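Let's take a walk through this structure together, one region at a time. Please keep the sequence at hand and turn the view as we go.

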Amino acid sequence: MNKKVLLKDLGFKDYKETWDYQEFLFKEIIDLKTKNRREGTELETPNHFLFVEHPHVYTLGKSGDINNLLVDEAKLKEKEATFYKINRGGDITYHGPGQIVGYPILDLDNFFTDIHKYLRFLEEVVILTLAEYGLKAERSEGETGVWLDVGTPFARKICAMGVRASRWVTMHGFALNVNSDLGYFDLMIPCGIKDKAVTSLNVELGKKEIHLEEVKQKLLRHFETLFEAEIVKEKTSV
């Protein structure tokens, strides 16, 4: 089993470009697995982890409701935002500047074949990272992602998650609000969940800005530990 995970930080990149790149890596792994099965070979399958920051964009998952986007095309244009229907699970999500988006594209045959466990591990990576900033983050039953003050009138989401998996290969991932403009969340019903707020790390800490690179390093450290993986940095190629 290959426990190495190739890390690429794509910087600030268009959502559709990044989605296409994810699909390329995803298909590459699945094609290799298909070849192994058909030809009886045992070629090693790679694993990838992409970090990216997107321009303003709203994405709607396969089971999502378009009515959870509360504005029309003209308003999106005014806010310099785009919209895509995509092939992950979950409902509507916003990505934008100041948010750390992580896309693990893993062959879970290299780790464990359990999607529920995979999602819980991704949540735990974020929960452990936020604990380093003194925040008690947790899960909310029946609501994928990471929350603060669960079970109170002040419950608020700080990290959204949505994944796609086929033949134990994953894509899409998580979006952690670090220095996000929370006003953009007012243009939708986040993840289709009404009456619950959204927050970001800088707001919770009462700071103007948190260094994104610092947060990324904490996320990677916890990812390595939980997945028993070895992160290998790779130069950006897209």
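Throughout this tour, two residues are in contact when they have heavy atoms within 4.5 Å of each other. Please bear in mind that the model is a predicted one.

With that in hand, let's start at Thr129, which lies in helix α3. Leaving aside its neighbours within four places in sequence, Thr129 is in contact with Val215, Lys218, Leu219 and His222. Thr129 has 0% relative accessibility, so it counts as buried. You can also find Phe223 from here: its C-alpha atom is separated from that of Thr129 by 9.7 Å, although the two are 94 residues apart along the chain.

Now step back to see the two helices as a pair. Helix α3 covers residues 115-131 and helix α5 covers residues 212-227; their axes come within 9 Å and cross at roughly 135 degrees. Why call them oblique? Angles over 145 degrees count as roughly antiparallel and 65 to 115 as roughly perpendicular, and α3 and α5 are therefore oblique to each other. The crossing of α3 past α5 is right-handed. On the α3 side, the residues that meet α5 are Tyr118, Phe121, Leu122, Glu124, Val125, Val126, Leu128 and Thr129, and their partners in α5 are Val215, Lys218, Leu219, His222, Phe223, Leu226 and Phe227. Sorted by class, this contact has 11 nonpolar, 2 polar and 2 charged residues.

Some of these side chains lead us on to the aromatic residues. One aromatic cluster is formed by Phe49, Phe51, Phe111, Phe112, Tyr118, Phe121, Phe174, Phe223 and Phe227. Over the whole structure, a search finds 15 aromatic pairs. One of them joins Tyr15 and Trp19, a tilted pair with 6.2 Å centre to centre and 50 degrees between the planes. Both residues sit in helix α1 (residues 15-39), and because they are 4 residues apart there, about one helical turn separates them. Tyr15 and Trp19 are both buried.

Tyr58 and Tyr94 make another tilted aromatic pair, with 5.4 Å centre to centre and 50 degrees between the planes. Tyr58 belongs to strand β3 (residues 57-60) and Tyr94 to strand β5 (residues 92-95), so this pair ties together parts that are 36 residues apart in sequence. Tyr58 counts as buried at 0% relative accessibility, and Tyr94 counts as buried at 0% as well.

From these tyrosines, look across to Met188, in the loop between β10 (169-177) and β11 (197-198). Setting aside neighbours within four places in sequence, Met188 is in contact with Tyr58, Asn68, Leu69, Leu70, Ile92, Thr93 and Tyr94. The C-alpha atoms of Met188 and Leu69 are separated by 4.4 Å, with their positions 119 residues apart along the chain. Met188 is buried, with a relative accessible area of 5%.

Let's finish with the backbone. Most residues other than glycine have a negative phi. Against that background, look at His172, whose phi is positive, near 60 degrees. His172 lies in strand β10 and is buried, with a relative accessible area of 1%. Glu228 also has a positive phi, near 50 degrees. You will find Glu228 in the loop between α5 and β12 (230-233), where it is exposed, with a relative accessible area of 59%.

Notes. Residues numbered from 1 in each chain as written. Predicted model: local features only at pLDDT ≥ 70, side-chain atom pairs only at ≥ 80, totals over all residues. Heavy atoms only, no water. Axes fitted to C-alpha atoms, helices over the stretch in contact; angles between N-to-C directions. Parallel < 35°, antiparallel > 145°, perpendicular 65-115°, else oblique. Left-handed = near helix turned anticlockwise from the far one by under 90°. Nonpolar A, V, L, I, M, F, W, Y, C, P; charged D, E, K, R; others polar. Phe/Tyr/Trp six-rings, centres within 6.5 Å; stacked < 30°, edge-to-face > 60°. Buried < 20%, exposed > 50% of the residue type's maximum accessible area, 1.4 Å probe, protein only.
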